[in-house]
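I wanted to get to know this model by looking up one thing at a time. These are my notes, in the order I made them.

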Amino acid sequence: MNYEIKQQFITYNRPKTTLLPVGIVVHETATPGATAQSEYIYFNGGNRKASAHAFVDWMEIIQTIPWTEQAWHAGPTANEKYLGIELCRPSTHDPAKFQEVWNRGVWLFAWLFLNILKKDRVTRDNLMSHAEVSAKWHESDHADPVSYFAEYGKTVDGFRAEVQRKINEMKGETEMVIYKTLEDVPEWGRPVIQKLIGRGSIKGDGQGNITLSEDAVKILVILDREGVLK
Ligand SMILES: [Zn+2]
C-alpha cells in the first residue's frame, strides 16, 4: 500500500543549503504523543536549532524540508550527506500505533531510496540510525531510535531489512527461477517437459539446454492437467 507525503515546508530551521543525499538517518522524536502535525507547528514556530526532512506518525507523513536541502538533524558531517526522518512516539506504550508508524516509516524510506537516492540496496552506510551517526562522527550524543524500537521488539537492523523488502516489493522484484536442463526441472514438472521435449515441441538449443522459467513450467503443467497437451 502507498501513503501520501504531505508537503508542509517550515520557514524556520532551514540552512537553505543544497543537499545531494547519499543516505538517510532514522530518528525518533523522543516526545511521547507529539504528532507529525504538532512537530511541524513546533519547528515552523521559531528557531529550534534543529529540524528534519519529514515526520512520520500513526496517521500521516509530513515533509517539512525539500529533499534537496539540508536539515539539522545529526551533526554537520551527516547533515551534509543525509536526509533525516523522525518517527513519532505514541503518548503511551501502544503497539497498534507503533505498527502504523513503523509501516509508514518503512514505506517512506523505501520510497526515498528508489525515488530520491536512486538506490535499491540498503546498507549500514546508507541507512543509519542517529545512534550509529553519533558513534561514527562523534558530533552528537543522541542514541535514537534504538530504545524506541526495542520497546516494541524491533531493531535498526530489522528496520533496514524491512526497508529492503519493501524496496524489492516496490520494484516488483521476484527472483526468477530458470531451469537450464530437464534435470533441473523439479519432479512436479519433469514428466510434462520430458513429454514435450520427446515430441520436439520444446527444442532448446539442441545441446540439452531448455532454459525454461519456473512460470513457464507451471503453465505447461496446468495446460497438461487441463488435457490441452494430451
Ligand atoms: Zn535523532
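**Entry 1: helix H3 and what comes after it**

I started at the end of H3, where Lys118 follows with a positive phi, near 60 degrees. I should jot down right away that this is a predicted model.

Next I checked the length of H3. With 23 residues at 1.5 Å a residue, H3 should span 33 Å, and I found 30 Å between its end C-alpha atoms, which agrees.

Then I picked one residue of H3, Phe113. Is Phe113 buried or exposed? I counted 23 other C-beta atoms within 10 Å of Phe113, and the cut-off for buried is 20 or more, so Phe113 is buried.

Who touches Phe113? I skipped its neighbours within four places in sequence and was left with contacts to Lys119, Asp120, Val122, Val163 and Ile167. I also looked up a pair that is not in that list: Phe113 and Thr211 are 98 residues apart in sequence, and their C-alpha atoms are 33 Å apart in space.

**Entry 2: helix H6**

Two of those contacts took me to H6, since Val163 and Ile167 are among its buried residues. H6 runs over residues 156-170, which makes 15 residues. From first C-alpha to last, H6 reaches 21 Å, close to the 21 Å expected at 1.5 Å a residue.

Which residues of H6 are buried? I wrote down Val156, Phe159, Arg160, Val163, Lys166 and Ile167. Looking down the axis of H6, I saw that these buried residues fall within an arc of 125 degrees, so they line one face of the helix. On the other side of H6, I found Asp157, Gly158 and Glu169 exposed.

What covers the buried residues of H6? My list includes strand S2 (23-32), helix H3 (95-117), strand S6 (127-129) and helix H5 (146-151). So H3, from my first entry, turns up in this one too.

I gave Asn168, also in H6, its own check. It has 15 C-beta neighbours inside 10 Å, so Asn168 counts as partly exposed. I also looked at Asn168 against Gly23: they are 145 residues apart along the chain, and their C-alpha atoms are separated by 17 Å.

After H6 comes Gly172, and its phi is positive, near 65 degrees.

**Entry 3: helix H4 and the loop behind it**

H4 covers residues 130-137, and I noted His130, Ala131 and Val133 as buried there. They cover an arc of only 160 degrees around the axis, which puts them on the same side of H4. The buried residues of H4 pack against S2, helix H2 (76-79), S6 and H5.

Just after H4, I came across His138 with a positive phi of about 55 degrees.

Then I moved into the loop between H4 and H5, where Pro145 sits. Is the peptide bond from Asp144 to Pro145 cis or trans? I read an omega near 0 degrees, and the bond is cis.

**Entry 4: two residues in the loop between S1 and S2**

I went back towards the start of the chain. Asn13 is in the loop between strand S1 (5-7) and S2, and Lys16 is in the loop between S1 and S2 as well. Asn13 has a positive phi of about 60 degrees although it is not a glycine. For Lys16 I noted a positive phi of about 60 degrees too, and it is not a glycine either.

How do their surroundings look? Asn13 has 20 C-beta neighbours inside 10 Å, so Asn13 counts as buried. Lys16 has 8 C-beta neighbours inside 10 Å, so Lys16 counts as exposed.

**Entry 5: the domains, and a pair of helices**

Last, I zoomed out. The protein is divided into domain 1 (5-170) and domain 2 (178-225). How far apart do their C-alpha centres lie? I got 49 Å for domain 1 and domain 2.

I finished with helix H7 (residues 190-198) and helix H8 (residues 214-225), which pack at an angle of about 85 degrees, with their axes 9 Å apart. H7 and H8 are therefore roughly perpendicular to each other. Where they meet, I listed Val192, Ile193 and Leu196 from H7, and Val217, Leu220, Val221 and Asp224 from H8.

Key: Residues numbered from 1 in each chain as written. Predicted model: local features only at pLDDT ≥ 70, side-chain atom pairs only at ≥ 80, totals over all residues. Helix = DSSP H or I, 4+ residues; strand = E, 2+ residues; numbered from the N terminus. Expected span 1.5 Å × (residues − 1). Buried ≥ 20, exposed ≤ 12 C-beta atoms within 10 Å, placed from the backbone. Arc of directions from axis to C-beta. Contact = placed C-beta atoms within 7 Å. Domains from an automatic or database assignment. Axes fitted to C-alpha atoms, helices over the stretch in contact; angles between N-to-C directions. Parallel < 35°, antiparallel > 145°, perpendicular 65-115°, else oblique.
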